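Welcome! Please take a look at the sequence and the structure, and then let us walk through some of the local details together.

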Amino acid sequence: MAEVFAVHPAGPRRVRCLRAAFPPPPPCRGRRRAVVGARSSACGCRRAVNEALSPRPVYAMVAALRGGGERKCNTRRAAPDGARTPRTGGREAEKETERDTAMKITIERAALLRSLGHVQSVVERRNTIPILSNVMLRAENGELSLTATDMDLEIVESVPADIARPGSATAPAHTLYDIARKLPDGSQVELDSTGDMLTLRSGRSQFKLGTLPVDDYPAMSGGDMGHRFSLSAADLKALIDRTRFAISTEETRYYLNGIFLHASTARGAGGETPVLRAVATDGHRLARVEMPLPEGAAGIPGVIIPRKAVLEVRKLLDEAADRIEVQLSDTKVRFAFDAITLTSKLIDGTFPDYERVIPTGNDKVLEVDPRLFAGAVDRVATISTEKSRAVKLSLDRGVLTLSASSPEAGSATEELEVVYDAPALEIGFNSRYLLDITQQIEGEGARFTMADAGSPTLVRDVADASALYVLMPMRV
């Protein structure tokens, strides 16, 4: 497994010190000549700076240098032959734009809060691009559409509203969400945007929020989604829940920072069956879950869905309808259900050949109740060191002994009755990884298939063959 998921040699780039790049100016020694025509003195710098920072307007200083005093120039610049120079053309255009984007609606606080809660989580708390901190509000056809994006992920949700004046505006997403969250239940919210200001009124409360131009708001181009299929919300939730814990967080191996979704075939007693598979790994553990291939998904390409998109979809699934429509292209994935559409870019990379790390010759089989096993591991791991979290499993016929030790905390052991008839074996695992896997097993029995203390261990649910987990051991 280490051979397949080797870490790339590229390391983090160094960041230069800003103080070294921009050193402070040398201190004044009292001999520097004064600026702006001042006479030199014991220290002419102070007098020069005072004159340079005088409160006279800039246009007056320029006019004085040109000999024109402080009079303003009212002479209009000559226009080319045949050209007209209207004085208010620019202002009229700005007013026309304001009329096009001005918006006034009334909406229930609960409906606004629910939609804002869905879209604001896409917006990053810290943004170097100000417009990405905003949510775009567009009122038309009896609905308020809310859009949020981080340039890699976009979510659009529509909610019914009473529209007095159609239009659009942008507003700070987190601030707007916090205001709606703190308003009393059952209240009505009025949103009125004019110019660069959005006014929110509810009861006796009024808030004025600064806005940014709607034209500056980025939009992810739809493009051609060549593949389209649907599956139940329960199936998609199972695919995500049983694999997302194994997604890597190591940015150097970016191709492991998501779930690999692809069509494949599963071998069973009745032959080969087409399936839809979701796979995730961080190089220490691997999760593979499959379900019958949905109609229309036969020719889908293998895609890597980013971690953030996976987590955002999972949040929305708790309130989703029964069917989820999935659209795929080579660069994007889209999930659509109810009045919500979530579009995400895909990770541009090649997922490793995970089949090579799934062991096939392990001969030592351990069967244990997953809830009793998880409880014992959690208790014993209290003593293990915070860095390694190592727990040792000592197997003998019918008995499993879990142990952990730490120079600072001491030691702990616990015995469990298990089904095990193979020769004695001692093997160590990361306790956090063991708990993550056993929490996904919903049946009454977990089956661990092992070879030796240094080879990958295969973990399955005794009652469910659709999920498979691989866990690398560690030295203890």
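What follows is a short tour of a sheet, the helices that touch it, a hairpin, a helix and a single serine.

## The eight-stranded sheet

Keep in mind that this is a predicted model. A good place to start is the open sheet, whose eight strands pair antiparallel in the order β6-β2-β3-β4-β17-β16-β15-β10. The edge positions belong to β6 (167–172) and β10 (227–232); each has a single partner strand, so one side of each has no neighbour in the sheet. On average, neighbouring strands here are turned by 20° against each other, with direction ignored.

Within this sheet, you can follow one pairing in detail. Six bridges link β16 (residues 332–337) with β17 (residues 340–345), in the antiparallel sense. Among the residues involved, F335 has L342 in β17 as its bridge partner.

## Helices on the sheet

Two helices are worth finding next. Helix α7 (residues 233–241) packs on the sheet and touches β10, β15 (323–328) and β16. The direction of α7 makes about 95° with that of β10.

Helix α5 (residues 109–119) lies across β2 (134–140), β3 (143–149), β4 (153–160) and β17. Relative to β4, α5 runs at about 170°.

## The β20–β21 hairpin

Moving along the chain, strands β20 (residues 399–406) and β21 (residues 410–417) run antiparallel and are joined by eight bridges. The connection between β20 and β21 is a hairpin of three residues. If you would like a landmark, look for S405, which stands opposite S411 in β21.

## An enclosed helix

Helix α10 (residues 431–438) is largely enclosed by the rest of the structure, because seven of its eight residues are buried. The buried residues in α10 are S431, Y433, L434, L435, D436, I437 and T438.

The N-terminal end of α10 is capped by N430. There, a side-chain oxygen of N430 lies 2.8 Å from the backbone nitrogen of R432.

## A buried serine in β8

Our last stop is S202, which belongs to strand β8 (residues 197–202). Is S202 buried or exposed? Its relative accessibility is 6%, and since buried means under 20%, S202 counts as buried.

The surroundings of S202 are easy to trace. Leaving aside residues up to four places away in sequence, S202 touches L183, S187, Q188 and V189. With Q188 there is also a polar contact: the side chain of S202 reaches the backbone oxygen of Q188 at 3.1 Å.

Methods. Residues are numbered from 1 along each chain as its sequence is written. This is a predicted model: local features need pLDDT of at least 70, side-chain atom pairs count only at pLDDT 80 or more; totals for chains, interfaces and linings use all residues. Side-chain values use heavy atoms; hydrogens and water are left out. Helices (H or I, at least four residues) and strands (E, at least two) are DSSP runs, numbered from the N terminus. Buried means under 20% relative accessible area, exposed over 50%, partly exposed in between (1.4 Å probe, protein chains only). A polar contact is a pair of N or O atoms within 3.5 Å; within protein, one must be able to donate a hydrogen and the other to accept it, and residues adjacent in sequence count only if both atoms are side-chain atoms. Contact means heavy atoms within 4.5 Å. Two strands pair if DSSP finds at least two bridges between them. Axes are lines fitted to C-alpha atoms, for helices over the stretch in contact, and angles run from 0 to 180 degrees between N-to-C directions.
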